[in-house]
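The following exercises ask the reader to work through the architecture of a protein chain. Each task is followed by a stepwise solution.

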Amino acid sequence: MVQFRSLRLSLRFVIPLVIALGILAYGVVPLVDNLTLRWFVRDIDIRSQLIGRTLHEPLAQLLPEGNSSRINALLLRATQDERLLALGYCDAGGTLRYRTPAFPKSLDCSSIVFKNKDKDEGTLLRLPQGAVHVSVYPMVAEEGAGGSLILVHDMSFVERRSADTRKYVIIFFVVLGIVVSLITVFVAHLSWRGWMEGVRAMLRGEGILRPFSPQKAQNSELQPLVGDLRALLRTLDAERRFADDATITWSPESLRTLLHKQLVGERILVVSNREPYLHIKKDDHIEVNRPASGLVTAVEPVMRACSGTWIAHGSGSADRETVDRHDRVRVPPQKPEYNLRRIWLTKEEEQGYYYGFANEGLWPLCHIAHVRPVFRTSDWEQYVKINQRFADAVVAEADNDDPVVLVQDYHFALLPGMIRRALPKATIITFWHIPWPNPESFGICPWREELLKGMLGSTILGFHTPYHCKNFLETVDRYLETRIEHESSTISRRGQLTMVESYPISIQWPPPWEGALPPVATTRAEILQGLGLPPEHLLGVGVDRMDYTKGILERFAAVERMLELHPELAGRFTFVQIAAPTRSALEEYRAFEDRVHGMSERINDRFSRDGRPAIILKAQHHEPEEVNRYYRAADVCMVTSLHDGMNLVAKEYVAARDDERGALVLSQFTGAAHELHEALIVNPYHVEQTAEALYRALTMPDYEQQERMRSMRALVRDFNVYRWAGRMLLDAARVRQRQKLAARIGGES
Ligand code: F6P
């Protein structure tokens, strides 16, 4: 294949070359002809002079005697030279007196002598017997009565030589053409191979990296152009992204269209630990629960838009009863749109993989929340085993050899590498939903290299913020032998290229219940009444899993401090904390929950007035619709995470407030703080600052609430979850196109 292409390419060069050489030969032959003729004429002129000088003396002696026979004999002897055709003698009166037999009859003495009288050069004439050169050698008057010796040279040999020269010139050009063509084909073939290798590597993305081997770098024919091509590819990508953002309004429909157009209707495979729907046994019936999970909140609408299969741990008590014989169930239960494939874990496996390695090891490792990570070999072994089980499920669910797989979160750091080994052509998009720490912090993990290698099986590796991407690149740089291109944020390891990019996650827009909800005032009145609070009561809300990273204790401390500073608000303000139980099997979480309960009770002892508590702690699961009612009722929402990848509660609160009221207090340590600039940004470790922000939120004038909320809503509307998924899928589609093009232009050779 490559040979034919290079031949075709070189023919494109060789044919014009041959034509050019032909034209050149055509022009050169007459030139050479002319040149050789002039050389010969000059040669004959010199010879004529020589012969003239030689004959001059004897002829001068014989002419006065008028001895014709001796004169003719002298002239005849002189014509023994093969090129001298004839000699004649014209007297001063222009009469041909003597001549050798071959002297052309058509030559007329007077005109010849007249023409050549004062010239050293002869004249070329074409006579019936052929081309001749005629020159005149004058005899001095005293000695030869002023006549002229006429020398006629045969020029046919010049024509013969000229024909020979022409032949050799043509042969020379033909041989030159063949040699140049062969060299061209050979060089073009070598260059084509080199180029194709380079271009293929570039399309795979490798070419946009600095060559690893300095030797290779020097030899690479593509090297001088790598910089330009790299810049070009980057510009094209940037322009396309810009154009996408400017032209696409992200919605379920645009995401679906994108999938059909760019990924030719590929079915998406999603892998996460947490499943989007849990079937739970309740007395004599089965209930469906939706977990309190940012991951599920974000990915579920994407799956509904794209369809496909979501592979997750079946952790609900009635999950096994609700699947088919392939462990699949169609969801959402009310309006099925995609498959949920459940993976079963034993208690021991869940303990090691999920509670142990993922949540006692990686979770505190990645969150700087001052809880020490715990790493046990037995947990690691379960983590490896369960990652492999999910990888096997991906292979089983894939209906082609290059599926698009979306791997979610820190439970599956090894999964991309495992899928890559089984399905080398798969497009694997891994999204890390939690922060990525700096290299020193990550370095304490005993299996850091294995985790990084596993993650680098991904085609695209996404984090919420550029800062997390930077931390990841630095971590890889510190612990693995790879090539890293910081400009394009790509890592190459053993021929596998991973693009590391930030994709800020978000929520669906419009919100699922848009237009179907009672007015905010109604909901607020209902909620306050339900809580036993008067209608004018000020309400704050916090919605989290009961997790030590969420800054719930710091939030309570801020509420307490605010009430200390503004005691007039005691009995007029209540903070409702919804805290879904989470990972309660872990001692750290149980202890944390106890502390939260203890602290809320202590604050209530200080600031409750007339049965109106300062804090209401609702430490149980709430369905999203119920959470949304609290968002709509609250004057302020507090998000005070000590460290958080994004935090979707902040965005959900903004989305819930279609009345453009309410204020958001937001920790600077969340990804959301990089987007929601109109929130009141706080350092949750700074109690006074957070308390002050809470007070400011509660006393914020309406117009200011409206301005801030309107601006934040516009951002969440435009940068919604369909954009998050769409941008990753668009990038994946580009990588796939390039890979396919690379395979096409180079075959598999
Ligand atoms: O923040 C990381 C994360 O995986 C989220 O995506 C999700 O909201 C949360 O943790 C869920 O935790 P779990 O699945 O352990 O309940």
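**Exercise 1: a helix and its sheet**

Task: Describe how helix α2 is placed against the strands and how those strands are ordered.

Solution. Helix α2 (residues 68-78) lies across β1 (84-90), β2 and β5, and runs at about 55° to β2. Here helices (H or I, at least four residues) and strands (E, at least two) are DSSP runs numbered from the N terminus; axes are lines fitted to C-alpha atoms, for helices over the stretch in contact, and angles run from 0 to 180 degrees between N-to-C directions. Contact means heavy atoms within 4.5 Å. The model is predicted: local features need pLDDT of at least 70 and side-chain atom pairs pLDDT 80 or more, while totals for chains, interfaces and linings use all residues. Residues are numbered from 1 along each chain as its sequence is written, and side-chain values use heavy atoms, without hydrogens and water.

Next, the open sheet has five strands in the order β2-β1-β5-β4-β3, with antiparallel pairing (two strands pair if DSSP finds at least two bridges between them). Its edge strands, β2 (96-99) and β3 (123-127), each pair on one side only. Direction ignored, neighbouring strands are turned by 30° against each other on average.

**Exercise 2: one strand pair**

Task: How many bridges join β4 and β5?

Solution. Strands β4 (residues 130-138) and β5 (residues 148-154) pair in the antiparallel sense over seven bridges. Within this region, Pro-138 stands opposite Ser-148 in β5.

**Exercise 3: a covered helix**

Task: Which elements cover the buried residues of α15?

Solution. The buried residues (under 20% relative accessible area, 1.4 Å probe, protein chains only) include His-468, Phe-472 and Tyr-479. Their cover includes α13 (439-442), α14 (448-455) and β14 (460-463).

Notes
Buried means under 20% relative accessible area, exposed over 50%, partly exposed in between (1.4 Å probe, protein chains only).
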